[in-house]
Every structure is written in structure tokens, then in C-alpha cells.
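Q: Please take a close look at the packing of the interior. Start from the surface and the overall build, then work inward, and finish with the loops.

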Amino acid sequence: MFQIEVDRQHSIVDFILDGYIRVEEMQRFVAELKGATDSLQGRDIKIKADVRTFKPASPEAADMIRRVQEYGLRRGVVRVAEMVESQIVALQLNRIARESHTDRILRRFWQESSARQWLIHGDEDMGMHPGM
């Protein structure tokens with residue numbers, strides 16, 4: 001199962017992936033995620049990915065995730081906040097993020113509020129200045 005919401009005020013695409021996602025469902029998710037991203041085109045887009053209950057993806061689904069991450073980068077995604085609990089899913093998503101180059105703009109969070117604050121304000125308002 002998946003759910004996608006768009007916060008137009010803050011240019012955030014917020015999604016949840018839950019459980020095992022079949023290839024057909026992943027295709028629908030990718031299409032809706034592209035549509036949500038396109039709806040914010042021309043702005044600095046942020047992604048909040050809640051994958052705390054997501055199960056490891058098949059190779060086909062993992063490839064779709066990589067391609068949609070590359071698409072997002074081309075469309076103006078500047079920050080990605082992921083909430084992950086499973087170590088196996090985290091390792092798989094790390095590999096996908098490296099392959100798509102999303103790892104450069106990705107941070108992991110345990111709390112939704114911290115993820116949202118970073119997406120909206122970046123490092124400046126969180127006391128995380130580079131070099132500290």
C-alpha cells in the first residue's frame with residue numbers, strides 16, 4: 001500500500017510505502033509520485049519518505065525507485081528526508097540512493113517532526129552548520 005500527499009505551501013511531497021509492494025502497485029506509485037513532483041515544478045521540491053513499514057523491494061521495484069529518484073533530481077528535488085526502521089530496507093535504499101545520486105541530498109530521521117523541520121528550513125534553523 002502507498003499514500004501520497006502534497007504540501008503546496010512548503011513544496012513537500014509526503015509519501016508512505018507500507019508492506020510489500022508488488023510491481024504493478026509500484027508502477028502506480030511511481031506514476032503518482034511523478035505527478036505530485038510535476039505539480040511543484042519550478043520550485044525547490046522536498047520529499048518526505050516514510051518507509052518505516054516498507055518491506056525489502058524486488059529488483060524490479062528497486063529499479064523503479066532508482067529511476068523515480070533520478071526523475072525527481074531532474075525536476076528540482078533539493079532535499080529528501082527518509083524515515084526507515086528496518087536495517088535491511090535501509091541498506092537497500094542506501095544502494096539505490098547512491099546509484100541515483102540522491103544520497104547527496106538525503107537525510108535519515110527517526111521522528112516525523114524533525115524530518116519536516118529539516119525539509120522546510122534546511123540546516124540553518126537546526127543548528128547543523130557545515131563544518132561543525
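A: The accessible surface of this predicted model comes to about 7300 Å². Carbon and sulfur atoms hold 49% of that area. Of the 132 residues, 45% count as buried.

Next, the overall build. The C-alpha trace spans about 40 × 30 × 25 Å along its principal axes. The radius of gyration is 14 Å, and a compact globule of 132 residues would have a value near 14 Å, so the two agree. Charge can be placed on this outline too. The protein has 20 positive and 21 negative charges, and their mean positions lie 3 Å apart.

Now the elements. There are four helices and five strands. Their order along the sequence is β-β-α-β-α-β-α-β-α. Contacts reach across this order: among those with a separation of 6 or more, 78% join residues 24 or more positions apart.

That leads to the interior. In soluble globular proteins, nonpolar side chains tend to be buried together. Here the largest nonpolar core has 32 residues. The members that touch the most other members are I4, V13, F15, L17, M26, F29 and F54. This core draws at least two residues from each of β1, β2, α1 (23–38), β3 (45–54), α2 (59–75), β4 (77–83) and α3. A further core lies apart from it. That other core has seven residues, including I12, A81, M83 and L119.

F15 shows the packing residue by residue. Beyond four places in sequence, F15 touches Q3 and I4. On another stretch of the chain, F15 touches F29 and L33. The list is completed by I47, K48, A49, D50 and V51.

F2 gives a second view. This residue lies in strand β1. Its relative accessibility is 15%, and buried means under 20%, so F2 counts as buried. Leaving aside neighbours within four places, F2 is in contact with I16 and L17. F2 also contacts E25, R28, F29 and E32. Take R28 from that list: the C-alpha atoms of F2 and R28 are 9.3 Å apart, with their positions 26 residues apart in sequence. F29 is a partner of both F2 and F15.

The loops remain. Most residues other than glycine have a negative phi. S11 is an exception, with a positive phi of about 55°. S11 sits in the loop between β1 (2–7) and β2 (12–19). At 5% relative accessible area, S11 is buried. H101 also has a positive phi, about 70°, and is not a glycine. Its loop runs between α3 (87–100) and β5 (106–109). Whereas S11 is buried, H101 is partly exposed, at 41% relative accessibility.

One more loop residue deserves a look. S58 belongs to the loop between β3 and α2. With 25% relative accessibility, S58 counts as partly exposed. G76 is 18 residues away from S58 in sequence, and their C-alpha atoms are 27 Å apart in space.

Definitions and conventions
Residues numbered from 1 in each chain as written. Predicted model: local features only at pLDDT ≥ 70, side-chain atom pairs only at ≥ 80, totals over all residues. Heavy atoms only, no water. Rg over C-alpha atoms; globule rule 2.2 N^0.38 Å. Buried < 20%, exposed > 50% of the residue type's maximum accessible area, 1.4 Å probe, protein only. Contact = heavy atoms within 4.5 Å. Areas by Shrake-Rupley, 256 points an atom, 1.4 Å probe, with all protein chains shown as cover. Lys, Arg positive; Asp, Glu negative; His and termini not counted. Charge placed at Lys NZ, Arg CZ, Asp CG, Glu CD. Core = buried A, V, L, I, M, F, W, Y, C linked by side-chain atoms within 4.5 Å.
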